[in-house]
Amino acid sequence: MASFTLHGIPVSRGIAIGRAHLLAPAALDVKHYLISQEQVEAEVLRLQKAIASVHKELQTIWNELPKDAPAELGAFIDVHALILSDPMIAEVPLDIIRTRYYNAEWALVTQIDELSAQFDEIEDAYLRERKSDIQQVGERVLKVLTGSASTLPSHDGGDENAGRMIVVAHDISPADMLQFKDRAFGGFVTDLGGQNSHTAIVARSLDIPAAVGMSNASALIEQDDMIVIDGDAGVVIVDPPPNVLEQYRELQQRLMRERKKLGKLKKTPAITRDGTEITLLANIELPDDCPGALDSGAMGVGLFRSEFLFMGRAGFVNKLPSEDEQFESYRQAVVAMKGRPVTIRTLDIGADKPLDSAEQTALNPALGLRAIRFCLAEPQMFLQQLRAILRASAYGPIKLLIPMLAHAFEIDQSLAMIEQAKAQLREQNKKFDPLIPVGAMIEIPAAALTLPMFVKRMDFLSVGTNDLIQYTLAIDRADHEVAHLYNPLHPAVLYLLASTISIGAKAGVPISVCGEMAGDTRMTRLLLGMGLREFSMHPTQILSVKQEILNTDLNAIAAQTKKILRTMEPAAIVSAVEQLREL
């Protein structure tokens, strides 16, 4: 077979080499037929038993999670269990059987397709990719209904040229990834997915090379094809020529040696060659992520995404996490970080997010009622979260971060509600830190361009580069048709970043970057040259960024950074950034 190359989205770095193991989606084998009225209840019972079987299966997987499994795996299995319990999955397909006389498989697929279409309308990139969770849950039930659960091959490692197993699938759930963890699983390739899919997050946590969004890889790649995944470039080479295969084997070995060396930096302070100390923090989703953050050498949590506590509850608006439930999660994180600061971002969720998919009315939710706009429109829910965060501050240092602020009145209203929450806690004689620092996410161009308004009111700032780039360039990076336009090195983006860092520093207001740029070693020296002294990223990225910092002399990169910020031509900027990394 002739060699060919596929291009997708890089989500987890590294090189993987091995034989393809294809996972066929059960939905492709679904039969569509009508049943008689006498068969209805039997078909309903068949679907109910399949759902119960998957519930049991997920519980077994959760109970048998290895101690070294990333915390995200347990959380995402919980999310899948919640989705499976949602009436939209557990009840509506049964109604379809009873009213339309569809067979169980057809009824389930019909409902999954309907829910998927609703998620396609969501503008927010992260939440739109939650569609894959619904599809993965449906796929699991379908496999039980059709009896098509896949059996994994056993690898004895006897074929030196075969390498490890590379899973190739239309899509794959985080729970399914556990099946491969102890079976020479080297990487995975999927047709679907993006940077923020649960599978991508788990891949980064497991540090497994992966490439997603390949469109038709599962149709083009055949069982046992030799595959190379270049996780840094998002490239998959199928049946590579011997010389190419040898080059990637050498590169893989070199990367493994470098990674082993990085492990020795865990306890090394992040100090530049000229003696400037840099703060490296971790982004987390759940309290269980804290041990991993500490193990990576994080000096604290720069971003606790609190919306993960609210996810997976579609159809259960009245069952959102209570104040006590939220408080306990925040308290656990603070205690786990052993005195290191924990920055908790208030709910970054809105009309575009599936707290209640039946009430999605925004024409363009990314520009609609989301994040702080949503919270200010739901003051009781917001006050409940603020009280929970404040209560947790009695157990250790917490910084409170407000997302998507753009207007002075939004800042003032948020600060007033924080004071109201404090007053309510005083009335209840509950302890909290009265001087808890309050900060703003700078992720809207309007905020970056009016920064003096923010530094007067806020204790600290955190730049969310993902949204800042997206809003500045008016593109959706999860949309394959325009994803190539998502460019962190666009001169407008660099101007906003540099001016934000500079104004914050002059005002004496601490400022960090918590978006993807913070964990990208290609950007580390550029951000340092701009004056950034606090980075927050996924724990697996900390050691690589630390190494870059240790090898950087701020005096040596100053002139080159200024040159980059004066440059307008894209090609010249890319070239100058590459030169910066060589200084």
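Is Ala-474 buried or exposed? Ala-474 is exposed, with a relative accessible area of 69%. Keep in mind as you look around that this is a predicted model.

**Two residues with positive phi**

Ala-474 sits in the loop that links helix 19 (465-473) to helix 20 (491-506). Its backbone deserves a look too: although Ala-474 is not a glycine, its phi is positive, at about 55°. Asp-239 is another non-glycine residue with a positive phi, in this case about 50°. You will find Asp-239 in the loop between strand 8 (235-238) and helix 11 (242-262). Here are the two side by side:

| Residue | Phi | Loop between |
|---|---|---|
| Asp-239 | about 50° | strand 8 (235-238) and helix 11 (242-262) |
| Ala-474 | about 55° | helix 19 (465-473) and helix 20 (491-506) |

**Into helix 20**

Moving on from the loop of Ala-474, you can pick out Tyr-495 in helix 20. Tyr-495 counts as exposed because its relative accessibility is 53%, and the cut-off for exposed is over 50%. The C-alpha atom of Tyr-495 is 9.7 Å from that of Ala-448, with 47 residues separating the pair along the chain.

**The buried side of the story: helix 22**

Helix 22 spans residues 542-550, and its buried residues are Ile-542, Leu-543, Val-545, Lys-546, Glu-548 and Ile-549. Lys-546 and Glu-548 are thus among the buried residues of this helix. What covers them? The cover over the buried residues of helix 22 includes three helices, namely helix 11, helix 21 (521-530) and helix 24 (570-582), along with strand 9 (279-284) and strand 16 (534-537). Helix 11 also borders the loop that holds Asp-239.

Notes
Residues numbered from 1 in each chain as written. Predicted model: local features only at pLDDT ≥ 70, side-chain atom pairs only at ≥ 80, totals over all residues. Heavy atoms only, no water. Helix = DSSP H or I, 4+ residues; strand = E, 2+ residues; numbered from the N terminus. Buried < 20%, exposed > 50% of the residue type's maximum accessible area, 1.4 Å probe, protein only. Contact = heavy atoms within 4.5 Å.
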